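Student: I've got a new model open and I keep tripping over the labels people attach to residues. Let's go through them, with the reasoning behind each one.

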Amino acid sequence: MVARMALVAALLATSACSSSSRTALDTMKLVGNRWKSPVLVEKLEGVTHAVMQVEGPGYRGAMVMGLVDGDRQAWYGGQGELMLLRHGLVVGTHGMAGANVDEIRIEGDNPFLHLAALGDRQATVTRRYDWRDGYRYGVVVEGHLQRRGSERVDILGNARELVHYEESLSGPGVRGSNHYWADPNTGFVWKSRQLVAPGTWVELVHLKLQGNPG
């Protein structure tokens, strides 16, 4: 357990000190952070980094992708907040008031790797959560993922026809559901609402992809 905590701390430190993260934080000055009104397309003009909007306890604003390590992405907020994603799923957070998790890992089959092929079948997702608060490590939470139909989701004035998936969660001290809105052809998750701590969710919306002008 101590080794795992040291590993997570090292990963956070590496991300926070990289030149990519500094570039991302500089980009935040252009994009703006902690918006109190809807985001405007004009704010993203000229921004080459991927940008997503994050809303959760104590945070509502932009995050910019500044580092890619294999299949893991590091996203940075304007005040040093950090969120780690893998295949659209939150796998760690830092500096997020009330929404911090050292690590989230999927054990066994990961249906999010082939989400577009799931169809009407139900898939089981087994995760282990590591929460420093309360020293709760290795908490096993089982999810049942199922398609809930198609929905039109507006992202910066661009209406997208996305597939809505619901994942019901059950584990020690955990009850509720994650929600994902994904591209029907690729399975890319444009919008999601994900558990990061017991009773605490964050909502993520991808506003701009890497190098995408719109």
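Student: What makes arginine 148 count as partly exposed?

Tutor: Start with the cut-offs: buried means under 20% relative accessible area, exposed means over 50%, and partly exposed is in between (1.4 Å probe, protein chains only). Arginine 148 comes out at 48% relative accessibility, so it lands in the in-between class. Before we go on: this is a predicted model, in which local features need pLDDT of at least 70, side-chain atom pairs count only at pLDDT 80 or more, and totals for chains, interfaces and linings use all residues. Residues are numbered from 1 along each chain as its sequence is written, and side-chain values use heavy atoms, with hydrogens and water left out.

Student: How do you know that arginine 148 and glutamate 166 form a salt bridge?

Tutor: The term needs a side-chain nitrogen of Lys or Arg within 4 Å of a carboxyl oxygen of Asp or Glu. Here the N to O distance is 3.1 Å, so the pair qualifies. Arginine 148 is in strand β8 (residues 136-155) and glutamate 166 in strand β9 (residues 158-171), so the bridge ties together parts 18 residues apart in sequence. A strand, by the way, is a DSSP run of E with at least two residues, a helix is a run of H or I with at least four, and both are numbered from the N terminus.

Student: Arginine 152 has a salt bridge with glutamate 161 too. Which exposure class does each partner get?

Tutor: Arginine 152 has 63% relative accessibility, over the exposed cut-off, so it is called exposed. Glutamate 161, at 43%, falls in between and is partly exposed. Their closest N and O atoms are 2.8 Å apart, inside the salt-bridge limit.

Student: Now arginine 105 and aspartate 130. Why are they called buried?

Tutor: Arginine 105 sits at 18% relative accessibility, under the buried cut-off, so the label holds. Aspartate 130 has a relative accessible area of 0%, so it is buried as well. Their side chains meet in a salt bridge at 3.0 Å, N to O. The partners come from distant parts of the chain: arginine 105 is in strand β6 and aspartate 130 in strand β7 (residues 123-131), 25 residues apart. Glu103 joins Arg105 and Asp130 in a network of salt bridges, and a search of the whole structure finds ten salt bridges.

Student: Staying in β6 (residues 103-107), what is isoleucine 104 in contact with?

Tutor: Contact means heavy atoms within 4.5 Å. Leaving aside neighbours within four places in sequence, isoleucine 104 touches Val90, Val91, Arg127, Arg128, Tyr129 and Leu195. At 4% relative accessibility, this isoleucine falls under the buried cut-off too, so it counts as buried.

Student: How do you know that β12 is largely enclosed?

Tutor: Eight of the nine residues in β12 (residues 200-208) are buried, so the rest of the structure largely encloses it.

Student: And what makes β12 a partner of β1 and β11?

Tutor: Two strands pair if DSSP finds at least two bridges between them. β1 (residues 51-56) and β12 have five bridges, so they pass, and the sense is antiparallel. Methionine 52 stands opposite histidine 206 there. β11 (residues 189-197) is joined to β12 by six bridges, also antiparallel, with alanine 197 partnered by threonine 200. Two residues lie between the strands of that hairpin, where glycine 199 takes a positive phi near 75°.

Student: Why do people flag a positive phi in a residue that isn't glycine?

Tutor: Because most residues other than glycine have a negative phi. Tyrosine 135, in the loop between β7 and β8, has a phi near 50°. Leucine 156, in the loop between β8 and β9, has one of about 55°.

Student: Where is the model's pLDDT below 50?

Tutor: pLDDT is the predictor's confidence in each residue, from 0 to 100. The mean is 83, and 77% of residues reach 70 or more. Residues 5-16, however, are below 50, with 16 contacts in the model beyond near neighbours in sequence. Residues 34-39 are also below 50, with 18 such contacts. Where pLDDT is low, the predicted coordinates should not be read in detail.
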